[in-house]
Amino acid sequence: MMWNDSIEQVKINRASHSMGGGEKKIQLQNDHGKMTVWQRISVLLDEDSFTEINSCVEADPGLTLVGDATTIPGDGVVTGWGTISGRKVCVAAEDFTVLGGTLGAAHVHKIARLQDLALEMQAPVIFLYDCEGARIQEGLNALEGYGEMIVRHTKASGVIPQISAILGPCCAEAACSPALCDFVFVVRGISHMYLTGPDGVESVTGKRPDEDALGGADMHSTLSGTAHALYNDEVSCLKGIRRLLQYLPSNCRSRSPLRHDNAGSGVGTHDLRVTFESIVPDNMRKPYDMHQVIENIMDIDEPLFEIQKHYARNAIVGFSYLNNHPVGVVANQPIENGGAIDINASDKMARFIRFCDSFHIPLLSLVDVPAFQPGVDQEQQGIIRHGARMLYAFSSASVPKITVVLRKAYGGAYLAMNSLSLGADFVYAWPIAQIAVTGAESAVNLLYKDDLRRSGRPDQTRAKLKQTYEEQFLNPETARKRGFVSEVILPEETRGTLIRAFDFLEDKKQNAKEFRHGNIPL
């Protein structure tokens, strides 16, 4: 073939590939409120930074094609690398206009090759799912392909960040892949993820479920906990991934990038929006929004990037900046069930803690917790087992870990929120903090029930006993004198104290890992 003919053929192939399933299917994709694969990549990545690989890989048309189709452009998936804010990332984006984005042998080969490349280059990998599942006509070749992806997800876990966005259907075996990623992003009205679809459920139960109730974005964000970030449109979702990456390192051997020229940073207290005393009531039973405390501590121009915001709302986890340094925040939420820790909150916090520990992200615990959630249902569902995950996560984490007790920290929940005995580097307490096995009300009812029964004035007796108990056992100075608290600090000193403490602990994880495991790569 002559030069001109060869060059022309390459141009034709590229043009065909960029059009995916053709103009009609692209229009249909847009008519359903969905972006095309190339539109998604252009929003996700820095301008003109994407480089595609394996663009011409296709399965044998004789084994795959049905109907009038003659080609399979890219086998329904686009893979390659680019940059986000100048940092290298790898991307696999499924093209629904090509055979519904279904996965066949060639399709999975492209994704698996990208996963290998991401791990070799120690770069984050992002998956954009828009797939109706395995390509049935390819039989076990397609099914085995999922196994190849799953084992690579497992090898990359804790080594490089893995992020997925569900931008269409993600059905059957395909749903297992994003579940193995560190973060799953979803979009209302577009994202649907389930192992058994409406047809399958109907064939077994005789009732056809609503698709959103079965596997929609809101369901996975509020009930199943599978989704970590919920958005109203694709553009916001893809920009959310860009924002998340600003807190994360490229791999477990590097550190998260620092911000620069941030007017909201600094040790001083001049940037407090309102006083902490106006946010946090000294009445232990009165709720407040922990988000306001977080906003008052962290850099003034940086809102919390909350993870699983709509799931297990009695716990808050997410990323923010403290003096331009990324920090993972773990907190109780008093306006939701008093901030008690239940099974879902335990799982939510434990998973987040383990991620931060894998990627050198310091942890800040903000504590106002009455207990592990009591009740027959919680015990039957395994609160002991789920709570143990949280205890294990904090105990094993070797990144800098600092705890601030705002008001109450009772019983096993006090330990679970990162006490000194669990390995916290520093535990600070506000002057109104109460650290004990239980609160004064419960303690008095248990310890002095006979005295109260014999008392002629039980209400006055109870009030006096509560005051005595609080002075002797709940005063934070008592905990400090016994070594359970590093220091008692004033609320307005919190930000400055944390900045200095985290600065001191900056190199802790690397040294701790070398001490515990020898000079072994993480």
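**Exercise 1. Find the side chain that meets Glu234 in a salt bridge, and work out where the two partners sit.**

Start with the pair itself: in this predicted model, Glu234 and Arg40 meet through their side chains, with an N to O distance of 2.6 Å. That falls inside the 4 Å cut-off for a salt bridge.

Next, place the partners. Arg40 belongs to helix α3 and Glu234 to helix α11 (residues 234-245), so the pair links distant parts of the chain, 194 residues apart.

Now check the cover. The cut-off for buried is under 20% relative accessible area. Arg40 comes in at 1%, so it counts as buried. Glu234, at 4%, counts as buried too.

**Exercise 2. Which residues are linked with Arg40 in a network of salt bridges?**

Take another partner of Arg40 to begin with: Asp130, whose side chain meets that of Arg40 at 3.1 Å, N to O. Asp130 is in strand β4 (residues 125-131) and Arg40 in helix α3 (residues 37-44), 90 residues apart. Both Asp130 and Arg40 are buried.

Then put the network together: Lys34, Asp130 and Glu234 are linked with Arg40. For the whole model, the salt bridge count is 15.

**Exercise 3. Is helix α22 largely enclosed or not, and why?**

First, count. Helix α22 covers residues 494-504, and 8 of its 11 residues are buried, so the rest of the structure largely encloses it.

Second, name them: Thr494, Arg495, Gly496, Thr497, Leu498, Ile499, Ala501 and Phe502 are the buried ones.

Third, see what they pack against. The list has one helix entry, α13 (290-297), plus the strands β10 (315-322), β11 (325-332), β12 (363-369), β13 (401-410) and β14 (426-429).

Last, pick out Arg495 from that buried set. Its side chain forms a salt bridge with Asp299 (3.0 Å, N to O). Asp299 lies in the loop between α13 and β9, 196 residues from Arg495. Asp299 and Arg495 are both buried.

**Exercise 4. Which strands run parallel to β13, and how many bridges join each of them to β13?**

Go through the partners one by one:

- β12 is joined to β13 by 6 bridges, running parallel; here Leu364 stands opposite Ile402.
- β14 is joined to β13 by 4 bridges, also parallel; look for Val404 opposite Tyr428.
- β15 (residues 434-436) is joined to β13 by 3 bridges, again parallel; Ala409 has Ile435 as its bridge partner.

Now follow the chain from β13 through helix α17 (residues 411-416) to β14: together they make a right-handed β-α-β unit. As for cover, 10 of the 10 residues of β13 are buried.

**Exercise 5. Is Gln308 buried or exposed, and what is it in contact with?**

Locate Gln308 first: look in the loop between β9 (305-307) and β10. Its relative accessible area is 6%, so Gln308 is buried. Then skip its neighbours within four places in sequence, and the contacts left are Gly225, Ala227, His228 and Lys348.

**Exercise 6. What percentage of the chain's residues is buried?**

Buried residues make up 52% of the 522 in the chain. For the wider picture, the chain has 23 helices and 16 strands. Of the contacts with a separation of 6 or more, 74% involve residues 24 or more positions apart. The accessible surface comes to about 23,900 Å², with 53% of that belonging to carbon and sulfur atoms.

How values were computed: Residues are numbered from 1 along each chain as its sequence is written. This is a predicted model: local features need pLDDT of at least 70, side-chain atom pairs count only at pLDDT 80 or more; totals for chains, interfaces and linings use all residues. Side-chain values use heavy atoms; hydrogens and water are left out. Buried means under 20% relative accessible area, exposed over 50%, partly exposed in between (1.4 Å probe, protein chains only). Helices (H or I, at least four residues) and strands (E, at least two) are DSSP runs, numbered from the N terminus. Contact means heavy atoms within 4.5 Å. Accessible areas come from the Shrake-Rupley method with a 1.4 Å probe; for residues, only the protein chains shown count as cover. Two strands pair if DSSP finds at least two bridges between them. A crossover is right-handed if, with the strands pointing away from the viewer, the path from the first strand over the helix to the second runs clockwise.
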